[in-house]
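Biologist: I am new to this structure and should like to go through it by question and answer. May we begin with one pair of strands and widen the view from there?

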Amino acid sequence: MRRDFRTTPDWENILPSFQQPGRYSGAEYSAYPERKNSVKFLLAFPDDYSIGMSSLGFHTVGNIINSHPGFSCERVFAPASDLEEWMRREDIPLFSIERKRAAASFDIIGFSMQYELSFTNFLNMLELSGIEPLREERRDAPIIMGGGPSFANPAALSAFFDIIILGEAEGVLPQVLSLYHEEGEKKSFLKKAAEIGGVFVPGISRSARFAVFSGFDNRYFPVSPPVALTECAHARINLEINRGCRNRCRFCQASALYSPYREKSVEELVEAAAESVASTGYDEIALTSLSGTDHTDILRLLDELYYSFRDLGVSAVMSSMRPSHFASELSGRIARMRKGGITFAPETPSDKLKQVIGKNISSDEIISAATEAARLGWKRIKLYFMIGLPGENTEDIESIVKFIADVKKSSGLAVTASVSPLVPQPHTAFQWLRAEDPSLLLEKAEYIRKKAPAKVSRFNKGQYIIESILSRADASLAELLIAARKRGARFDQWSEHFKFGIWEEAFRDIGASWEEYYYREFSTSEALPWENVSLGAGRKSLLSSYLKATGG
Ligand code: SF4
C-alpha cells in the first residue's frame, strides 16, 4: 500500500521547503471543517491553487457540499513541479490540503473542469492518486464526478468520469449528494442519478440537458470561502450580480451556457457583500457577470455598495461594462470605483465582421467611452480582438491597427490589446466552422503586434491548436489525452509548461496527426459529437444563424 502524506515522518517540516507552501497548508481562515462519520468529498481543481481559489464556481460548489449535513468536504489543487517531483520520488499519493488525506481514500472526487488545457492536469491528478484514468478499468476507486463549462462537450471526457453534472450545480448537486447519502453504493447510485435532470452518467445516459438553477434570484452565495494564504489571481470577493447575457453573439458559448438572463436583487447583493466582507476581510468586491451594467438596478446597487462600504475602505470593481454606459448617468458611479484599468471587447472594428459575429459595439462608442474614462481618471484601457473570423480579409486586420491608434490618440490612455483567434465552440453558431491555418493566424496577429501603437499580447500557436481540437473533440480523443499525459503533458494552459512536441508525438501514438483533427470538416448534415447534451438554442436556430453568418 502506498504511503499517506500524513504518515510521512516530519511532514510538517517538509512542506515549508516547497515554493509557496501556503498552497498546501489548508490552514486558511475558513478552511473546510471536518465532519465525523460523513461521506468524504474531495473537491479538486486541475490547476494551481492561485487559479482555483479565484474561481467563484469552485467556492460555490464547496459551499453546496459543506451545506449538506451528511458530507465532509476537503480541497485539492494540481501540485506545482517541485512538490510533484518529491511526491513521485517518495511515492506519496495526491493528498487533500485540509487534512492531508490520500485522494483515493475519499468516497467522491469532484473535479471542476473549466478549460480544455487543464485536461492533462486532471489525468495527472488521477495518476498521482493511483487511480486508473479510464472509468471502465477502475475497481474500488472513489466516484469520479465532474462539472464545469468543459462539459459543453463531454465526448472525450466521458471515458474518465463516472458522473457529470451538466450546467448550473446549485439545483442539481444537492439532489445528487442526497441520493448518494441514501444509496451509498456506487452502482445503484449511478443508475438512479442518471434520472436526475442535468446529470449525465457515461455508460448509462443517452442524452441530457444542461441544468438551469431556478433559484438564482434567491440567496445562494459562498459568503465565507477559505481566504487564500498565498497570492491569488484575484484575492477579492466575487459577487455575482447577474447571470447570462441578453445577447447572442455567434461565437459565444458563455451566453448559451448561462442562459436565460437572471439577476439578484440589490438587497440580497448588499447583504451578501456585507457578510463576505466581514468573513473574509477582503477590501475589493468584484461585481461578477458577463455584462454587469445590464443589471436593471445597477445605479442603486452601485450607490448602496458605495455608501455601505466606503468607510471600511472597501470598494467595488466591475470588469464587464458596455462602453455606452460610460457616457450615461452611470459614469459618475463608475468614477468612484477603483481605477485598475478598463476593459472592452469590441472583437473587431470592421462593420462587415460585426455583422458576421453578431456583436455590434460601435467603434465611436468605444472611443467616446475611452475619452470619458480618461477624463474620469483612468490611465489604461485593454481591448480584446478576435481574428480568424469568417470572411476576414487584409483590410479587416488593418482596421484593428487603425482602431487601436484612434483609441490611443483620442483618449490619451495607454492601450494594451489581446488578439486571439476564434475557437469554434460547441453549441454556438460557429460549431461547424472550418478552422483557419494557424500559421496564417499567427502572421495576422504578429502584423497587428508590430504595427499597433499598443502592447499587444502574443498568442501561443500550439496551445491554440490543441484547445481548438479538444473543444470539438470526439470520443476517440480520450486516447490522445492519455497518450499526451503519458508523454508528460501537464499544466498545458501555462505557456512555460506547454510543449507542442509532446502533443505531436501523442497524435503519432494514436496513429493520427493534429492536422486531421484540427482541419476536420463538421458537416451540417451529420450528428456532432456533443449533440447528446443540449443547452440553449437548438440545432435549427444555430444552423440558420451559421448559414446567415457564412452566406451559406
Ligand atoms: S460575447 Fe459578451 S455580449 Fe456577446 S453574448 Fe457573449 S457575453 Fe453576451
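Modeller: Certainly. This is a predicted model. We may start at Ile237, which stands opposite Ile285 in β11.

Biologist: In which sense do β8 and β11 pair, parallel or antiparallel?

Modeller: Strand β8 covers residues 237-240, and its residue Ile237 faces Ile285 of β11. Four bridges link β8 with β11, and the sense of the pairing is parallel.

Biologist: Which residue of β12 is the bridge partner of Ala286?

Modeller: Strand β11 is also joined to β12 (residues 315-318), by four bridges, and the two run parallel. β11, helix α11 (residues 298-309) and β12 make a right-handed β-α-β unit. Within β12, the partner of Ala286 is Val317.

Biologist: How many of the five residues of β11 are buried?

Modeller: A residue counts as buried if 20 or more other C-beta atoms lie within 10 Å of its own. Strand β11, residues 284-288, is mostly covered. The number of its buried residues is four.

Biologist: Let us turn to β4. Why is it described as largely enclosed by the rest of the structure?

Modeller: Strand β4 spans residues 143-147. It pairs in the parallel sense with β3 (residues 108-112) over five bridges, and also in the parallel sense with β5 (residues 163-165) over three bridges. It is largely enclosed because, of its five residues, the number buried is four.

Biologist: Which helix belongs to the β-α-β unit that β3 and β4 help to make?

Modeller: In the pairing of the two strands, Ile109 stands opposite Ile144 in β4. The unit they help to make is right-handed, and its helix, residues 119-129, is α6.

Biologist: Which strands stand at the edges of the six-stranded sheet?

Modeller: The sheet is open and mixed in its pairing, with the order β2-β1-β3-β4-β5-β6. Two of its strands have a single partner each, so one side of each is left without a neighbour in the sheet. These edge strands are β2 (71-77) and β6 (199-200).

Biologist: Which residue of β6 is the bridge partner of Ile165?

Modeller: On its β4 side, β5 has Ile164 as the bridge partner of Gly146. Its pairing with β6 is antiparallel and has two bridges. The β6 partner of Ile165 is Val199.

Biologist: Is Ser55 buried or exposed?

Modeller: Ser55 lies in the loop between α3 (49-52) and α4 (56-67). Leaving aside residues up to four places away in sequence, it touches Phe45, Ser112 and Gln114. Because 21 other C-beta atoms lie within 10 Å, Ser55 is buried.

Biologist: How many residues in the shell around the ligand are charged?

Modeller: The residues surrounding the ligand include Cys245, Asn247, Arg248, Ser291 and Lys359. The shell divides into five nonpolar and three polar residues, and the number of charged ones is two.

Biologist: Finally, what is the radius of gyration of the chain?

Modeller: The chain contains 21 helices and 17 strands. It is as compact as a globular protein of its length, because the globule rule gives 24 Å for 552 residues and the radius of gyration is close to that, at 24 Å.

Biologist: And what share of the residues of the chain count as buried?

Modeller: The C-alpha atoms fill a box of roughly 65 × 60 × 45 Å along the principal axes. Of the 552 residues in the chain, the buried share is 47%.

How values were computed
Residues numbered from 1 in each chain as written. Predicted model: local features only at pLDDT ≥ 70, side-chain atom pairs only at ≥ 80, totals over all residues. Buried ≥ 20, exposed ≤ 12 C-beta atoms within 10 Å, placed from the backbone. Pairing = 2+ DSSP bridges. Right-handed = clockwise from strand over helix to strand, strands pointing away. Contact = placed C-beta atoms within 7 Å. Rg over C-alpha atoms; globule rule 2.2 N^0.38 Å. Near = placed C-beta within 6 Å. Nonpolar A, V, L, I, M, F, W, Y, C, P; charged D, E, K, R; others polar.
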